[in-house]
Structures are given as structure tokens and as C-alpha cells.
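Colleague: Before I use these terms in my notes, could you take me through the model and explain why each label is applied?

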Amino acid sequence: MKRKGMKIDPERLRDQLRKQIVNLIQIGWRGRIISIGYDQAEKEINKGRKGFLILATDVAERTKRNILRLFKGDYFEIFTKEELGSFIGKKNVGLIFVPETKFGLKLKSLIKQFLDLEGGSVNCQR
């Protein structure tokens with residue numbers, strides 16, 4: 001990838017994207033924009049709020065199956081429960097509901113770029 005004649009280090013870009021994602025998750029949590037955990041996500045879904053889910057890569061299959069039965073939008077599997085928790089000062093976080101706002105769309109874009117760079121798939125979308 002080149003920008004203005006300079007080669008961009010993919011590892012550096014990956015680290016920058018990760019930092020931006022973490023920063024937005026922290027801002028979203030402090031600003032009460034995002035909802036953390038199964039019960040809170042379920043409430044948002046049942047209210048009919050539009051958005052997307054961030055699922056920890058190690059979330060229980062049962063939890064994943066149950067939430068995706070309720071939720072028909074996009075979701076991304078990224079970071080572990082411990083990592084997601086550490087971003088917001090909690091022990092473990094298995095899932096996050098992010099509303100479809102300007103904030104949410106920015107976070108979604110960064111996650112897609114990060115997963116694409118990782119060589120992972122962004123086919124977690126429905």
C-alpha cells in the first residue's frame with residue numbers, strides 16, 4: 001500500500017487501527033453510547049435499536065448462538081473477552097452492542113479495516 005510515494009508499514013498501520021478501536025470503545029463506554037454484556041445488548045435489540053455487535057473471539061458458543069438468534073444485523077468477532085474487558089476496566093466482556101450513529105459507523109469502519117489488514121474475514125456481517 002502506498003500513500004504519496006511512501007510505503008506504509010502494515011504492522012504500524014495495524015497498531016494504529018487497534019489503538020483507535022480501543023480508544024473509541026473506551027469513549028463509547030464512558031459516554032454511555034455502547035452497551036456491554038448480553039443482558040444490555042438484549043435490551044437494546046428488543047427496543048429495536050439499529051447497530052452492530054462486537055463479539056469476543058472466545059465468547060461461549062451458546063452465548064453467540066443465543067444473541068444472534070435475536071439480532072439480525074452485522075457483527076464482528078474481534079479481541080478476547082479479557083482484552084475487551086481490559087479496555088473498559090472490567091475483567092471480561094463477551095459482547096458489545098454499538099448503536100448505528102456517527103460514532104458507531106466510525107467504529108465499524110475501523111474494525112473492518114483492522115480485520116481486513118489482519119487477513120481475517122469481515123464476513124461476520126449478515
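**How the labels are earned**

Modeller: Let me start with a helix pair: helix H1 (residues 10–30) and helix H5 (residues 102–118) pack with their axes 9 Å apart, at an angle of about 150 degrees.

Colleague: Why is H1 called roughly antiparallel to H5?

Modeller: Angles over 145 degrees count as roughly antiparallel, under 35 as roughly parallel, 65 to 115 as roughly perpendicular and the rest as oblique. The angle here is about 150 degrees, which makes H1 roughly antiparallel to H5. Axes are lines fitted to C-alpha atoms, for helices over the stretch in contact, and angles run from 0 to 180 degrees between N-to-C directions. The crossing of H1 and H5 is left-handed, a word used when the near helix is turned anticlockwise from the far one by less than a right angle, with right-handed for clockwise.

Colleague: Which residues make this contact, and how do they divide by class?

Modeller: On the H1 side they include Leu13, Leu17, Ile21, Leu24 and Gly28, and on the H5 side they include Phe103, Leu107, Leu110, Phe114 and Leu117, where contact means heavy atoms within 4.5 Å. The residues of this contact divide into 13 nonpolar, 3 polar and 4 charged; Ala, Val, Leu, Ile, Met, Phe, Trp, Tyr, Cys and Pro count as nonpolar, Asp, Glu, Lys and Arg as charged, and the others, Gly among them, as polar.

Colleague: What should I keep in mind about where these values come from?

Modeller: This is a predicted model, in which local features need pLDDT of at least 70 and side-chain atom pairs count only at pLDDT 80 or more, while totals for chains, interfaces and linings use all residues. Residues are numbered from 1 along each chain as its sequence is written, and side-chain values use heavy atoms, with hydrogens and water left out.

Colleague: How many helices and strands does the protein chain have?

Modeller: The protein chain has 5 helices and 6 strands, which follow the pattern β-β-α-β-α-β-α-β-α-β-α along the sequence. Both are DSSP runs numbered from the N terminus, helices being H or I over at least four residues and strands E over at least two.

Colleague: What makes the sheet mixed, and which of its strands stand at the edges?

Modeller: The open sheet has 4 strands in the order S3-S6-S4-S5, with mixed pairing. S3 and strand S5 (75–77) are the edges, each with a single partner strand, so one side of each is left without a neighbour in the sheet. Strand S3 (residues 35–36) pairs with S6 in the antiparallel sense over 2 bridges, and strand S4 (residues 51–55) is joined to S6 by 5 bridges, also antiparallel, whereas S4 and S5 pair in the parallel sense over 3 bridges. Two strands pair if DSSP finds at least two bridges between them. Leu55 stands opposite Leu95 in S6 and opposite Glu77 in S5.

Colleague: How do you know that strand S6 is mostly covered?

Modeller: Strand S6 (residues 95–99) has 5 of its 5 residues buried, that is, under 20% relative accessible area (over 50% is exposed and in between is partly exposed, with a 1.4 Å probe and protein chains only). Leu95, Phe97 and Pro99 point one way from S6, and Ile96 and Val98 point the other way. In a regular strand the side chains alternate between the two faces of the sheet.

Colleague: Is Lys64 buried or exposed?

Modeller: Lys64, which is found in helix H3 (residues 61–70), has a relative accessible area of 16% and is therefore buried. Leaving aside residues up to four places away in sequence, Lys64 touches Leu55, Val59, Tyr75 and Glu77.

Colleague: And why is Gln40 called partly exposed?

Modeller: Gln40, in helix H2, has a relative accessible area of 35%, so the label is partly exposed. Gln40 and Phe97 are 57 residues apart in sequence, yet 8.0 Å apart in space, C-alpha to C-alpha.

Colleague: What makes H2 roughly parallel to H3?

Modeller: Their axes come within 10 Å and cross at roughly 10 degrees, which makes H2 roughly parallel to H3. The contact is made by Tyr38, Ala41, Glu42 and Ile45 of H2 and Thr63, Asn66, Ile67 and Leu70 of H3, and by class it has 5 nonpolar, 2 polar and 1 charged residues.
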